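Here's a quick tour for anyone meeting this structure for the first time. Have a look at the model, then read on.

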Amino acid sequence: MALVRERRPVNLRLPLPDISDRRPRFPLPLPPTSLSISTNSSTSACTATATTTGAGIAISDLEKLEVLGHGNGGTVYKVQHKRNATVYALKVVHSDSDPTVRRQVFREMEILRRTDSPHVVRCQGIFEKPSGDIAILMEYMDAGTLDTLLRTNGTFSEPDLADVARQVLNGLNYLHSHKIIHRDIKPSNLLVNKDMEVKIADFGVSKIMCRTLDACNSYVGTCAYMSPERFDPDTYGANYNGYAGDIWSLGLTLLELYVGHFPFLPPGQRPDWATLMCAICFGEPPSLPEDASEEFRSFIQCCLQKDSTKRWTPSQLLTHPFVCRDLRSDK
Ligand SMILES: Nc1ncnc2c1ncn2[C@@H]1O[C@H](COP(=O)(O)OP(=O)(O)OP(=O)(O)O)[C@@H](O)[C@H]1O
């Protein structure tokens, strides 16, 4: 594996849209005073209750071990259940956080409550303290994110990327069939465990579509990974509804993991909004270097079609030879 020596993380976030659009379409029933929740290990459903059940976990049952990372407003801790030693990740957002951040956490909670897929990080419970602090208890992904792996181990091989692609596509297939658009697919939002299971996480700017042709606000998420139609829906996205944007972001993510730097820019260059917007909207889509296989190049082309209507869907991409052939034997 080639080592990536100098790599600056691309972190261009855009503000959320107007308050009217940010409000979740499905009002979120928060557990009013609950400090504990019931958990069901066989599903990801997060059923908040005000009392501790036999299987319930109270926040006082958890011991903080270390900080795993800081997100946009919250902190994620590695925690351990004091009695059964199970390790979890606990995302905590404090009551004095920016209202936008709190809305993002409510959105994330709403989506995690609805999802039950091996390719989406599992929510084990939600806590709200009387102080207003909110915490989401999640399964612990012990290898971090694809971004951390890239920075520590270097670039990924094609067989590994085929595995990553297959898992993320299964996750997106699940989300899209439940009318959920992620809108922020990027290496740092894809969690990994030691078995190389990859799971989609961080639903802070995701959207639940009420109707198939719902308009989808373009300007949320990390702009570096945004598709052309999110900048310019008139030119690149007839009937723009957002689903295809997740595929563009997946294509860029795989390309980045293969070449070791953000594809639209030379290694080490810091992007700015104008440069990115011009490169994404007016430039050719980035492509793989010559040494990549035909299948991989074709797969990336199917993801990085500038016209969103020509981009393949998750279920179509799951039939692509790149993810279908048994690449493990190539290793
Ligand atoms: N379930 C988890 N298991 C292990 N580590 C996690 C888990 N969830 C989050 N992390 C770690 O915590 C970090 C912060 O996560 P968080 O979702 O708060 O924000 P982010 O995605 O990094 O940033 P932002 O919210 O700005 O997009 C992640 O980068 C990851 O390293």
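The shell around the ligand is a mix: nine nonpolar residues, nine polar and three charged. (Ala, Val, Leu, Ile, Met, Phe, Trp, Tyr, Cys and Pro count as nonpolar, Asp, Glu, Lys and Arg as charged, and the others, Gly among them, as polar.) Keep in mind that this is a predicted model, where local features need pLDDT of at least 70, side-chain atom pairs count only at pLDDT 80 or more, and totals for chains, interfaces and linings use all residues. Residues are numbered from 1 along each chain as its sequence is written.

**Around the ligand**
- In total, 21 residues surround the ligand, with Gly 69, Gly 71, Asn 72, Val 76 and Ala 89 the closest; to be near, a residue needs its C-beta atom, placed from the backbone, within 6 Å.
- Strand 5 (62–70), strand 7 (87–93) and strand 9 (134–139) each chip in at least two shell residues; helices (H or I, at least four residues) and strands (E, at least two) are DSSP runs, numbered from the N terminus.
- Domain 1 (30–139) and domain 2 (144–329) each supply at least three residues of the shell; these bounds come from an automatic or database domain assignment.

**Where the domains meet**
- Twelve residues of domain 1 are in contact with 16 residues of domain 2, contact being C-beta atoms, placed from the backbone, within 7 Å.
- On domain 1, the side touching domain 2 has five nonpolar, four polar and three charged residues.

**The core**
- The largest nonpolar core has 74 residues, and Leu 90, Ile 136, Leu 161, Ala 165, Val 168, Leu 254 and Ile 300 have the most contacts inside it. Such a core is a set of buried Ala, Val, Leu, Ile, Met, Phe, Trp, Tyr and Cys residues joined through C-beta atoms within 7 Å.
- Helix 7 (residues 243–259) gives the most to this core, namely ten residues.
- Both domain 1 and domain 2 give residues to the core, so it lies between them.
- Leaving aside residues up to four places away in sequence, Ile 300 touches Gly 251, Leu 254, Leu 255, Ser 287 and Leu 288.

**Helix 3**
- Leu 146, Asp 147, Leu 149 and Leu 150 are buried in helix 3 (residues 146–153); buried means 20 or more other C-beta atoms within 10 Å of a residue's own, with C-beta atoms placed from the backbone.
- The buried residues of helix 3 pack against helix 4 (158–177), strand 11 (190–192) and helix 7.
- After helix 3 comes Gly 154, with a positive phi near 95°.

Technical notes
A residue is buried if 20 or more other C-beta atoms lie within 10 Å of its own, exposed if 12 or fewer, and partly exposed in between; C-beta atoms are placed from the backbone. Two residues are in contact if their C-beta atoms, placed from the backbone, lie within 7 Å.
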